[in-house]
Amino acid sequence: QTPIVVRKLSNYKQRRESRLTIKKMQFILIIALAFRSVSSFNLGVRITPMKKNVPSPQILEAKCDTSRISVRMMMSTVLEEEKEVIELSPAEEEAELVQIIKGRPKLGVLGFFDEASRTDQFVLDCLHAQGAWGSIVAFASDTAAAKKKLMSRSARYSGLLDALQFESAPKEHTQEKISSMLSDAGVKAWLAFEVDPNEAGIYLKAAEDAGVEHVVIVTKGVGTSESVLPSESTSLQSWTIIELDVDALVDDVPEGGPVAINRVSTDDKSIARADAYRIAAEAFALKPAINTKFQISNGGEIATKYLRSLREAGFTRRGELAKLVNGGLDEFEAKLKAEEEAQSEEAQAATIISEEERQKEYKQLMEEGIREEREKREREITQAARDYLGRQWTEKKYSSARGLSKEEYIEIEWDKGVKEAAAILGYTTKDKLRGIVKDEDEDDDDDDDDDD
């Protein structure tokens with residue numbers, strides 16, 4: 001049962017290796033060797049032992065007269081049946097859910113820097129940390145004020161200021177003016193934040209007109225019409241619509257809160273602004289977010305549990321969001337529900353077992369009590385019978401019991417003595433009340449009738 005790795009040498013590459021047991025490998029070889037004598041097609045199979053101190057790999061050749069397609073189908077069918085489910089590490093799973101943006105395009109951002117009470121540097125930090133952009137253009141209605149806000153020590157030390165450019169944003173966001181703004185700046189990627197859902201179509205068309213390749217639009221509310229979403233013939237390489245299903249974005253609260261995707265908000269219809277900025281920035285790189293529309297909201301306790309489980313497993317913040325957008329929360333909730341149901345069934349079974357054990361214990365106690373009571377009854381009746389018969393022998397040893405010793409007399413009259421003792425001790429009456437014995441006309445007196 002030694003596991004081995006099987007690879008086909010016909011340009012067949014898979015990310016996950018298929019593992020077979022020796023028994024299944026023998027089955028494959030038998031099929032291949034069965035056609036050995038009648039073909040001109042060579043099928044190469046490399047066998048690489050997974051244990052040390054095993055001979056070097058060998059190439060086993062098998063010839064068959066079937067077509068290349070049929071042989072491949074035969075092999076892939078067996079391989080597919082024996083393929084093991086390989087659990088990926090957080091880094092590997094994240095790599096599968098993240099796309100690499102090539103060419104280091106110029107990125108433009110709009111919808112930030114106009115609020116005097118905050119700098120909005122966090123969204124720029126998230127984008128700059130991706131290392132995917134040649135430069136970042138900040139569109140602002142007041143470029144001088146925006147520059148002043150972002151002249152921070154952290155922006156200088158991280159290199160953000162070196163990559164940052166500032167351009168004026170039009171006061172009226174019409175399709176023509178937005179398109180002109182984007183084309184003049186020469187941006188190929190664009191993030192627009194807090195857009196009216198009814199104007200999302202205008203922003204998408206303006207991006208197409210300006211030759212933008214990657215677009216992420218975040219709307220302040222839900223209701224973006226499906227009719228305005230880009231068609232398959234769009235010039236955009238990727239687009240994402242994110243709808244904020246919240247009443248407020250809370251400032252001065254760190255990211256990492258209970259964010260959910262495509263779920264009804266809990267009673268608390270607010271999320272941290274930092275979370276909204278992070279999701280918007282990472283949407284460019286997340287495969288599940290490409291060419292789709294989704295909503296973000298406060299997921300409550302279940303979202304908190306899910307994100308905590310991902311962090312404990314070792315996922316990065318980007319990996320958490322990738323899993324979240326990919327529907328991981330629904331899977332987690334279903335798994336959690338199944339576990340709770342299983343625990344409930346176990347608890348019910350334990351309750352049933354506990355009740356059965358209690359009944360069994362009660363029955364044992366009852367039986368033990370009855371046994372002790374019977375033993376006590378027998379001891380008392382035995383002693384009372386001997387005392388009674390002893391007195392009878394004393395009275396009759398010179399008459400009807402003449403010639404008998406005391407023990408002989410007790411042995412002869414034992415049944416009568418037991419009956420008399422039970423009556424004296426009251427057990428006969430108790431037994432009648434319990435239904436153990438029936439009323440009978442019996443001579444239980446102490447007269448000397450029986451002596452005659």
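**Chatting about a sheet and a pocket**

Student: Okay, how many strands are in the open sheet, and what's their order?

Tutor: This is a predicted model, and its open sheet has 8 strands with mixed pairing. The order runs β7-β6-β5-β8-β9-β10-β14-β12.

Student: Which strands stand at the edges?

Tutor: Those are β7 (164-168) and β12 (259-261). Each has a single partner strand, so one side of each is left without a neighbour in the sheet.

Student: And how are neighbouring strands turned against each other?

Tutor: On average by 20°, if you ignore direction.

Student: What holds strands together anyway?

Tutor: Strands of a sheet pair through backbone hydrogen bonds, parallel or antiparallel.

Student: So β5 and β8, parallel or antiparallel?

Tutor: Parallel, over 4 bridges, with β5 covering residues 106-110. If you want to find a spot there, look at L107: its bridge partner in β8 is A189.

Student: Which helix packs on the sheet?

Tutor: Helix α9, residues 200-209, does, and it touches β5, β8, β9 (214-219) and β10 (238-244). Its direction makes about 165° with that of β9.

Student: New topic: what's the volume of the largest pocket?

Tutor: About 330 Å³. It is lined by 23 residues, and the closest to its centre are L110, G111, D114, H173 and F193.

Student: Which elements give two or more residues to that lining?

Tutor: β6 (135-140) and β8 (189-195) do. Of the elements, β8 gives the most, with 4 residues.

Student: How many of the lining residues are nonpolar, polar or charged?

Tutor: There are 11 nonpolar, 3 polar and 9 charged residues in the lining.

Key
Residues numbered from 1 in each chain as written. Predicted model: local features only at pLDDT ≥ 70, side-chain atom pairs only at ≥ 80, totals over all residues. Heavy atoms only, no water. 1 Å grid on protein atoms, 1.4 Å probe; cavity = no way out; pocket = protein on both sides within 12 Å on 5 of 7 lines; lining within 4 Å. Points joined across faces, edges and corners; volume = space filled by probe spheres on them. Nonpolar A, V, L, I, M, F, W, Y, C, P; charged D, E, K, R; others polar. Pairing = 2+ DSSP bridges. Axes fitted to C-alpha atoms, helices over the stretch in contact; angles between N-to-C directions. Contact = heavy atoms within 4.5 Å.
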